[in-house]
Amino acid sequence: MIRYIIKRFLMMIPVLLAVSFVVYFLMDLAPGDIVGMMAPPDATEVEIEMMRKEMGLDGTLPERYFRYMKNLLKGDLGMSLSMKRPVIDIFFERFPATLKLAFGSIIVAMIISIPLGIAAATHHRSWLDGASMVTAMLGLSMPSFWLGLLLIILFSLKLGWLPSGGSDGFLSIILPAITLGAAQAGNLTRITRSSMLEVIRQDYLRTARAKGVSEKKVIYKHALKNALIPIITIFGSTLGNALGGAVAIETVFSWPGVGRLTVSAINSRDMTLATGCIIMFTIFFTLTMLLVDIAYAYVDPRIKAQYSK
Amino acid sequence: MKKVTKFLICLLLISLLITRCSGGDKDVPSDPKTETPSGTSGEPKYKKEIIIAIADEFTTIDPMETTAESNQIVQDCTHDLLTDTNLLTMQNEGELVDSWEMIEPDHWRFKLKENVRFHDGTILDVDDVIFTFERGKDKSTTSAYISKIKDFIKVDDLTFEVKLHNGDVDFNYVLAANSLAILSKEAFETMPEEEAVKIGTGPWKFEEFVPGDYVSLVRFEECTLYDVPNTERLVFRMIPEASSRMIALENGEVDAIMSPSPTDYNRLSESSNLKLITETGRGQHFIGFNCSNTNSIVSNPEFRKAIAHAINKEEMVIAAWDGYAQVSTSIMCRDMEYYADIEGIPYDPDKAKEMLKELNAEGITLNLITSDASHRVKMAENFQAQMARYGITVNVEFMQQAALIERLQNDKNTEVFVLSWTPGMNADYMYRNPIHSQGGRSFYANLNNSEIDALIDAAAAEVDTTKRAQMYEELQVRLTTELVPWVPIAQATLTMGADKDVTGLLLHPGLVHQFKTAEKIIN
């Protein structure tokens, strides 16, 4: 198992190298010069070149990339060009908010999707199954930007129960977590349903029923145990998506997360900040997937046995 | 089953822990609905905290680090400049400076106000000004201003003289640059730099900054330069989405919002609890031409004049700003010194058709570039529609602002562009960067006219204000009606939405709005 974990860690290196290469070169290819944008209108060419050197943007693209990578290997993601502060500090100032929203949305998604998926599977081809799938499709297809605004209008403006934005306290996470969780719940409901449908047709459940075990016990004790295993795998990618895909929600709810920061860095051509944020996202995403794989092995003895060989 | 259950329980606990840890102990803005009166019996009672929703991110309190308006709005509350624009009179006046004298255009004397206290308790003197200028020498936001100074002479604790490399009769305006806010020398000697930059002389002291969320200020009780604010705490909350800002205002979560969406203007002005605050902005929005592109008809001034006659500016103002803009007749912005009310080139479609026919310009195709800002997109589309009436096809290309600027600076084949220019208060700033061939990097129209260059230089050096006014009027007329590097369209209206009882919110034509005296009397 330990060998497997080390192997997975080593596999992260080429992934990170590829991501840094692609992001750095794409950012450089994008039109627009941050130095030109930041310099006062009456700055001379000499002053602009001075600024370019100060920001570490002098030299050819490969030179700059290797300089960047050399510093990255020392754990230095560089200074933000627009904020003039270390990228690592800026990232970790905003990351807790993103993590909080991601976990909040996962909780919402699980609360909605697991009961709904089970209900749909146990009442296969009934009106309940149809209603569950329609609800799941609604969650998947509703634009989160639009859903967020609707929820704000209802719960903040009309009812006055919840704040419309910001990140002050527990109440402020409810609406963004529901908005982000709704789309994830749609996906998870469909997976829970199909996973349960597969499991409840298994012979061992038929045996349990034949032995006189109550239907409730068959579903919740025997079927759910096995049906939940694929959901854990999906949980990893869902969490990864929640970490990186919450830009619209962070904007609507003025949530101070990393998604908004990254988009703002890209728009302002802050190459070091954008690249740094994306590299950090990649690290967290691959770590999450690794943890999920370990958890998967923990709950499924067959996988554990496979790793042990 | 047990393992799966354990895993899910662990996940829930971790999530709850993260949620509580990152949200529970933060000193967040208190509930704005909890209004604590600060006055004593018989005196007016003020709301304890005013919350302003800003659209862009605040990133630093250091005035020398960026020139972004979202930072400067906050810095304006905490730090002061030697001179600044009085938003009520629109005149350049002393802020930390009590008086000044231009001995020669290249030799100025300034006297500081007495007993101006910094937030760290020290009193402002000339050493603080010298320190600030020294610190700014290597900063990209200030070096261009400070490099104008040849010698800095300390006469006494409150008086200093500056000698310039070249004469500048508008040097007092240079000192109004927000990045030149005066810092405390002693603070830098006794505190780490990140703490020292927070120390200014303004009526508000820096309190807390939560990146991406809010920045809060508390009133400076020992302030000597201004009356101590009636509000105890001023909070700037970052809400990027216009509709979310509007909802927060309607919900009473904030007291004022920057840049409301034009679709909300009516709701604000018709509401019994809210108000729409407006002010004509200094930004001149225009259709510009690359006058040096000799491969294109746009290099012909007669063609540019014909286009100026062809554009119905009123129609474009309705299309781009729902009517919330003032049509421009001159290239020069309205509220600036030496602005002359000239007629410009009037809308005359018949004359335009006649001129275009003479130039064989019917049926031609023009290429227009602009950024993806919504008003520019609408201006470009309206221009395209208007030109179609004259048989001119306009191909429009939208791009991000950074890409647009790079294209305008480097692409010699540019023909037409939609852009805006927001100058400082002094007239020289209006012309030097975008019009003078040696003026700077905003020279996108590539006019390259030596007579105009000479006139700009002569006006900037002229001490006699009457002669100067004549020169600037000549510049205005020649550029607007004869050379036409731009067709000026309009100066857009700046807007802010607010609770109807909140006062002290001043819109700045140059976008650095002022909130120093923001307050709300409560019953």
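These are legends for a few close-ups of a predicted model.

**View 1. The largest nonpolar core, and who sits at its hub.** This core counts 83 residues. Val35(A), Met196(A), Ile200(A) and Leu273(A) are the ones touching the most other members. As for helices and the like, the top contributor is helix H5 of chain A (residues 87-122), which puts in 15 residues. Apart from this core lies another one of 59 residues, and its members include Ile52(B), Val116(B), Ile182(B) and Leu217(B).

**View 2. Zooming in on Ile200(A).** Set aside the neighbours within four places in sequence, and what does Ile200(A) contact? The list runs to Ala121(A), Leu205(A), Arg209(A), Ile219(A) and Ala223(A). Recall that Ile200(A) is also among the core residues touching the most other members.

**View 3. A three-stranded open sheet in chain B.** Read across, the order is E1-E20-E19, with antiparallel pairing. Strands E1 (45-46) and E19 (502-503) of chain B sit at the edges, each pairing on one side only. Between E1(B) and strand E20 of chain B (residues 519-522) there are two bridges, again antiparallel. Look for Lys45(B) here: its bridge partner in E20(B) is Ile522(B).

**View 4. The hairpin of E3(B) and E4(B).** Strand E3 (residues 83-86) and strand E4 (residues 91-94), both of chain B, pair in the antiparallel sense through four bridges. One residue pair to pick out is Asn86(B) with its bridge partner Gln91(B) in E4(B). Four residues lie between the strands, and Met90(B) in this hairpin takes a positive phi near 60°.

Conventions: Residues numbered from 1 in each chain as written. Chains lettered and ligands numbered in written order. Predicted model: local features only at pLDDT ≥ 70, side-chain atom pairs only at ≥ 80, totals over all residues. Heavy atoms only, no water. Core = buried A, V, L, I, M, F, W, Y, C linked by side-chain atoms within 4.5 Å. Buried < 20%, exposed > 50% of the residue type's maximum accessible area, 1.4 Å probe, protein only. Contact = heavy atoms within 4.5 Å. Pairing = 2+ DSSP bridges.
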